[in-house]
Amino acid sequence: MNTIKVAAIAGLFATLAAGTASTSSALDNGLARTPPMGWNSWNCFGSDINETQIKAVADAMVSTGLKDAGYVYLNLDDNWMGKSRDADGNLQGDPTRFPKGMKELGDYIHSRGLKFGVYGDRGLKTCYFRDFYKETDNKSGSYMKEVQDAKSFASWGVDYLKYDNCVEAPNSNQQQDYERMRDALANCGREIVFSVCAWAFKDWAPKTGNLWRTTDDIKNTWIAPSGSWYKGILDIIDKNNTYASHAAPGAWNDPDMLQIGNYKIKIDNQPIPNDNEYRTHMSLWCIMAAPLIMGNDIRNMTQVTKDILLNTEVIAVNQDSAGIQGTKIKSANGLDVWCKPLGSKNGDVKAVALFNRNAATADITVNFSDIGFTGEAHVRDLWKKTDKGLFTGSFTMAVEPHNTAMLKIAKPTGIRTEQALLQQKKAQFSAVFTNGNIVVVPLNAKGQFDVSVFSSNGRMAAQLKNKTASVSLPVAKSGLYVVAIENQGYMEKKTVLISR
Ligand code: GLA
C-alpha cells in the first residue's frame, strides 16, 4: 500500500509554507539551494584515480540507487591533472590515467544523469603535487590563471569545483585568491558550484562559496589524537556546530566529506569507526545541513553502509528546503539533543537527533518545550521508518553507545492543517466506539487503508494494515484514543472517547 506517514505529511506541509533563513552576505549564484550530495574520490582512493575506475563509480552511483536518493555530484579530487599543462598553458587530465581527457569523462558522467566535479587549488600547486612532485614546476595551481582554468572547466562540462588551499603564492592574499576564482566561475559560461576548501571557517567564505570547509581534513576515525593534523568524526561535529548561523540555501558549512563505509581505511593506528559511529556521522551531517559527499568505494558496499547512506527519510532532513542548520540544544553527561527546524524556523515540524557520546547504552529524553512545542506531538523514528505515536511533553528513547536516533517530531495541529491544505477532502472515514470495539468505516475512500489506534499516552494500542472494508478493533480500557487512518498517502485522524 502506498502510504505517506504522519510526520512525512507534516514535513511536506511545512516545506510548502516555508520561509527561508538567509544570510544577507551569502553568495547568490542560484546554485546548491539544498546541501550538495554526491561522491568524491579522496577518502577511499586518495591519489590513485583513473578513468576506468571513475566510470565504474558513475555506473555504481546509478545501479545502487544512490543517484535516485539525491547523490548526483561525482567529484574528482587531487591528482586528476597531468604533471604539466598543455602547450597553451591549459590544465589537462593525466594522459596515462585519463587518456580520453576530461571532456570525454564529463560526457560519460552526464550520460549517467550525474554531475561532474573537479578539484583545483588557489596557490601554485595542489597539495598532492606539493608533496609528491616536488621536482617539477607543473603549475597545477590556478593562481593568476583563474579565468583560463574556469574556461577549461566549463568546456569539459564541469558542474562543481572544490578549490584547495596549498602552496600559497608569495605575497598573495587568501581571500582575494578565492574571490578571483569565484568571479572567474561566474563569468565562465557555465553554472559551477564553488566549494571553498580553506580548512577553517573564514568570515569572507559565505559571500565567496556555495560551501566552505570549517575544519581540518576528516580522517577515518572517531576521535583524532590531540595535536594531529587531521580530525575525527566527533571533533568535527562539535567544531562545525559553532558556525550554524551562517548556513542558508546556497551557502553551507562543510564539515568535510563522509567516511561512512570505509571499513578498510586506517589513519595511523587509530581504530576504524563502528557502525553506530558511522550512523552518528550521517545523522549529525544531516541535522547540520552539511553537504553529503560520500567518500567510500560505492562499488562494494555492505548492507549496513547502504542502509545508512540510502535512508530517504534521514536524507530528507538534510535536504529540507528551509536550509536551516540544526544545532545542539542540550547536552548533559554525554547525552546530546540536537534540533533542526524543518520547513521554517518556528514551524510545526522538527528533526531531532538523540546522540549518545558515552560507552554505555542510555535513555535520552527530548523535552518538547526545548524544541518550542507544548502538549502533544507525533514522533517518528527515521532510522527505523516507524511511527512511535503521540506523546505528551517529552519523548525518551534508549540509544546505544556512540549511536544517534533520528526523530521527526510534529505538532498534531500542523498535521491537521496540512491535511486540509493538501487534500481539500471531506472525511473519508468514520470511527466510532460500539459494542466494545472501535469501528472504522470507509466513507468515500478507495483502495487499501491502514488503521492505527493510539492511547492517550501515545502508545500504539492496535494496528490493522491493508484493509479494504470496515474494521473492528477491540479496546478493553476506557480512555481517549486517537485513530489514525492512512489511505493512499492521505492521513485522517479521529479522536474516540471510550467510557464503560
Ligand atoms: C587537502 C584537502 C583534502 C584533499 C587533499 C588532496 O588536504 O583538505 O580534502 O582534497 O588536500 O590533496
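**Two helices, a chain and a ligand shell**

Helix H3 (residues 51-63) and helix H4 (residues 101-111) pack at an angle of about 15°, and their axes lie 9 Å apart. The model shown here is predicted. How should the direction of this pair be described? Angles under 35 degrees count as roughly parallel. H3 and H4 are therefore roughly parallel to each other. Their crossing also has a hand: H3 passes H4 in a right-handed crossing.

Now look at the residues that make this contact. H3 supplies Glu51, Ile54, Lys55 and Ala58. H4 supplies Leu105, Tyr108 and Ile109. By class, the residues of this contact are 5 nonpolar and 2 charged, with no polar ones.

Step back to the whole chain. The protein chain has 12 helices and 23 strands. Its radius of gyration is 25 Å, and the globule rule gives 23 Å for 500 residues. The two values are close, so the chain is as compact as a globular protein of that length. Along its principal axes, the C-alpha trace spans about 90 × 45 × 45 Å.

Turn last to the ligand. Which residues surround the ligand? Four aspartates are among them: Asp77, Asp78, Asp164 and Asp217. Trp42 and Trp199 also belong to the surround, as do Cys127, Cys197 and Tyr128. By class, this shell has 5 nonpolar and 4 charged residues, and no polar ones. Asp counts as charged, while Trp, Tyr and Cys count as nonpolar, so the aspartates make up the charged part of the shell.

Terms used
Residues numbered from 1 in each chain as written. Predicted model: local features only at pLDDT ≥ 70, side-chain atom pairs only at ≥ 80, totals over all residues. Near = placed C-beta within 6 Å. Axes fitted to C-alpha atoms, helices over the stretch in contact; angles between N-to-C directions. Helix = DSSP H or I, 4+ residues; strand = E, 2+ residues; numbered from the N terminus. Parallel < 35°, antiparallel > 145°, perpendicular 65-115°, else oblique. Left-handed = near helix turned anticlockwise from the far one by under 90°. Contact = placed C-beta atoms within 7 Å. Rg over C-alpha atoms; globule rule 2.2 N^0.38 Å.
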